Amino acid sequence: MAYTFKGGIHVEEHKNTSRRRIEPTVPPKTVAIPMVQHIGAPATPCVKKGDHVTVGQKIGVVPETALGCPIHSSVSGTVVDIVKKQIPSGAIVEHVIIENDMRNEKCPDNRPAGKSLQEITTEEIIELVREAGISGMGGAAFPTYAKIKSALGKVDKIIINCAECEPFITVNHRLLVEQPSTVINGIKILLKTLGVKEAYIGIEDNKPDAIKILTRLTAKSKMISVKTVKTKYPQGDERQLIYALTGREVPTGKLPADVGCVIFNPETCSSIYKAFAYGTPLTSRIVTVDGDCIRRPKNLLVPIGTSFADLIELCGGLVKEPKKIISGGPMMGAAQWDPTMPITKSTSAILVLSDKFGRKNNVAPVCIHCGRCINNCPMHLMPMYIAQFSMVNDLESADKYGAMSCVECGSCSYNCPGGVEIVQHIRVAKAAIRTEKSRLAALNEKK
């Protein structure tokens with residue numbers, strides 16, 4: 001039986017690269033490494049123009065008291081500039097520009113844990129994960145060391161989110177097929193660190209090869225089990241996955257730890273193991289490059305800071321004029337305006353799509369009161385009402401109807417026959433509600 005949740009939709013999968021092995025890329029001549037690749041405080045460059053750096057050398061630091069991750073160089077070479085420019089989220093942040101000397105010289109400061117899993121302490125693992133610069137690689141980019149600390153003593157289950165429900169993206173699938181032991185060993189480290197005795201690997205049933213491999217490798221484990229979940233969007237949302245596997249519902253405004261669960265991405269688990277076993281900081285990640293404009297879609301192992309344009313070129317360039325370049329998946333990813341944008345720790349995919357994938361409506365968007373958005377909403381909201389309140393700037397009503405509970409999965413917009421971009425209106429409302437609440441909080445502090 002495949003586990004599932006209430007609501008959600010079925011989208012065309014377009015898993016064109018599910019059988020494409022992960023290919024290491026030819027290192028780019030130059031990388032632009034942003035100092036913001038995680039939730040929390042930006043990193044501050046600790047190198048200057050003209051410095052020689054090595055692979056894995058720390059080039060950006062965050063104060064120990066602040067939430068954030070250090071940033072490491074993904075190539076060896078010379079720092080040619082430190083400039084402010086935009087990242088895929090639209091924010092303007094500092095970038096360290098490094099000219100690659102193609103020597104791939106490793107930083108001598110990076111060393112493995114040097115202790116067995118039985119000997120090492122929880123505090124030492126947390127510090128190791130922090131120093132390796134590991135943040136969530138599934139999209140949110142929350143610093144992993146902080147997630148571990150916040151879950152200590154609160155959770156009884158670890159869930160590894162292998163659903164990968166967004167169309168096109170296959171990075172987790174290929175990692176689980178090609179390097180499953182790195183993921184499983186990362187899970188064992190997390191079990192030890194958190195003092196938990198049960199971990200679920202939640203994986204959609206459209207990945208039978210990965211399910212077979214993981215089931216075989218965990219057959220003798222009393223702590224790790226593979227749970228097959230139904231292929232449905234947004235099965236990978238943490239609230240839906242928790243409900244599907246445990247029956248527990250995360251209340252509005254609460255975190256998974258509040259219901260005894262903590263969720264990690266498989267690539268994050270793999271990175272934890274590599275930091276523990278080899279002393280390797282997070283300097284590269286797997287990226288799916290796909291879309292009907294790409295000549296040869298691939299899964300690539302990419303140095304952080306490589307540009308979108310470089311990866312598109314490595315896939316043979318374009319076969320037709322693109323309408324849109326998306327960082328991430330087509331449902332929750334962000335459209336990009338500049339192909340020189342850099343790959344960051346949370347970039348799972350680059351999609352280059354023609355107008356074939358655009359909406360075909362030739363009339364003005366209009367709600368026809370069909371109720372599809374309500375039936376499909378995994379958070380059991382009334383999305384169109386929230387969108388309509390947003391349109392007339394009625395923030396109080398939008399908040400009352402649960403705007404802040406929206407996970408922005410886009411299921412409502414995807415299935416709207418009236419062509420209303422519901423999720424976009426809800427995003428506007430959420431941003432305005434946050435701004436208003438911050439303003440009121442600041443006023444109250446002054447009183």
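**Exercise 1. Find His-14 and describe its setting.**

His-14 sits in the segment that comes before strand E1 (22-24). Keep in mind as you work that this is a predicted model.

*Task:* What is the sign of phi at His-14, and is His-14 buried, partly exposed or exposed?

*Solution.*
Step 1: Look at the backbone. Phi of His-14 is near 50 degrees, which is a positive value in a residue other than glycine.
Step 2: Look at the surface. His-14 has a relative accessibility of 24%, so it counts as partly exposed.

**Exercise 2. Do the same for His-369.**

*Task:* Where in the chain is His-369, and is it buried or exposed?

*Solution.*
Step 1: His-369 belongs to the loop between strand E17 (349-353) and helix H9 (372-376).
Step 2: Its phi is positive, about 60 degrees, although His-369 is not a glycine.
Step 3: The relative accessible area of His-369 is 65%. The cut-off for exposed is over 50%, so His-369 is exposed.

**Exercise 3. Follow Gly-291 to its contacts.**

*Task:* Which residues does Gly-291 touch, leaving aside neighbours within four places in sequence?

*Solution.*
Step 1: Locate Gly-291 in the loop between strand E13 (284-290) and strand E14 (298-303).
Step 2: With 6% relative accessibility, Gly-291 counts as buried.
Step 3: Once its neighbours within four places in sequence are set aside, Gly-291 is in contact with Phe-168, Val-352 and Leu-353.
Step 4: Now return to His-14 from the opening exercise. Gly-291 and His-14 are 277 residues apart along the chain, and their C-alpha atoms are separated by 8.8 Å.

**Exercise 4. Explore Cys-165 and a cis peptide bond.**

*Task:* Which residues are in contact with Cys-165, leaving aside neighbours within four places in sequence, and which residue is joined to Pro-234 by a cis peptide bond?

*Solution.*
Step 1: Find Cys-165 in the loop between strand E9 (157-162) and helix H3 (171-178).
Step 2: Its relative accessible area is 14%, and Cys-165 is buried.
Step 3: Apart from neighbours within four places in sequence, Cys-165 contacts Glu-204, Lys-232, Tyr-233, Pro-234, Gln-235 and Gly-236.
Step 4: Pick out Pro-234 from that list. Pro-234 lies in the loop between strand E11 (224-229) and helix H6 (238-246).
Step 5: The cis peptide bond joins Tyr-233 and Pro-234, with omega about 0 degrees.
Step 6: For another view of the chain, take Cys-165 and Ile-33. These residues are 132 apart along the chain, and 28 Å separates their C-alpha atoms.

**Exercise 5. Examine how H10 meets H13.**

*Task:* At roughly what angle do the axes of H10 and H13 cross, and which residues make the contact?

*Solution.*
Step 1: Helix H10 covers residues 383-391 and helix H13 covers residues 422-446; their axes come within 8 Å and cross at roughly 55 degrees.
Step 2: That angle makes H10 oblique to H13.
Step 3: The crossing of H10 past H13 is left-handed.
Step 4: H10 contributes Pro-383, Met-384, Ile-386, Ala-387, Ser-390 and Met-391, while H13 contributes Ile-422, His-425, Ile-426, Val-428 and Ala-429.
Step 5: Sorted by class, the contact of H10 with H13 has nine nonpolar, two polar and no charged residues.

**Exercise 6. Examine how H1 meets H4.**

*Task:* How many nonpolar, polar and charged residues are in the contact of H1 with H4?

*Solution.*
Step 1: Helix H1 (residues 122-131) and helix H4 (residues 180-194) pack at about 130 degrees, and their axes are 9 Å apart.
Step 2: H1 and H4 are therefore oblique to each other, and their crossing is left-handed.
Step 3: The residues in contact are Thr-122, Ile-125 and Ile-126 of H1 with Ile-189, Lys-192 and Thr-193 of H4.
Step 4: By class, these are three nonpolar, two polar and one charged.

**Exercise 7. Pair up the rings.**

*Task:* How many aromatic pairs does the structure hold, and why does the pair of Tyr-385 and Tyr-401 tie together parts that are apart in sequence?

*Solution.*
Step 1: The structure holds four aromatic pairs.
Step 2: One of them is the stacked pair of Tyr-385 and Tyr-401, at 5.9 Å centre to centre with 25 degrees between the planes.
Step 3: Tyr-385 is in helix H10 and Tyr-401 is in the loop between helix H11 (395-400) and helix H12 (411-414), so the pair ties together parts 16 residues apart in sequence.
Step 4: Tyr-385 is partly exposed at 40% relative accessibility, and Tyr-401 is partly exposed with a relative accessible area of 35%.
Step 5: Tyr-385, Phe-389 and Tyr-401 form one aromatic cluster.

Note on methods:
Residues numbered from 1 in each chain as written. Predicted model: local features only at pLDDT ≥ 70, side-chain atom pairs only at ≥ 80, totals over all residues. Heavy atoms only, no water. Axes fitted to C-alpha atoms, helices over the stretch in contact; angles between N-to-C directions. Helix = DSSP H or I, 4+ residues; strand = E, 2+ residues; numbered from the N terminus. Parallel < 35°, antiparallel > 145°, perpendicular 65-115°, else oblique. Left-handed = near helix turned anticlockwise from the far one by under 90°. Contact = heavy atoms within 4.5 Å. Nonpolar A, V, L, I, M, F, W, Y, C, P; charged D, E, K, R; others polar. Phe/Tyr/Trp six-rings, centres within 6.5 Å; stacked < 30°, edge-to-face > 60°. Buried < 20%, exposed > 50% of the residue type's maximum accessible area, 1.4 Å probe, protein only.
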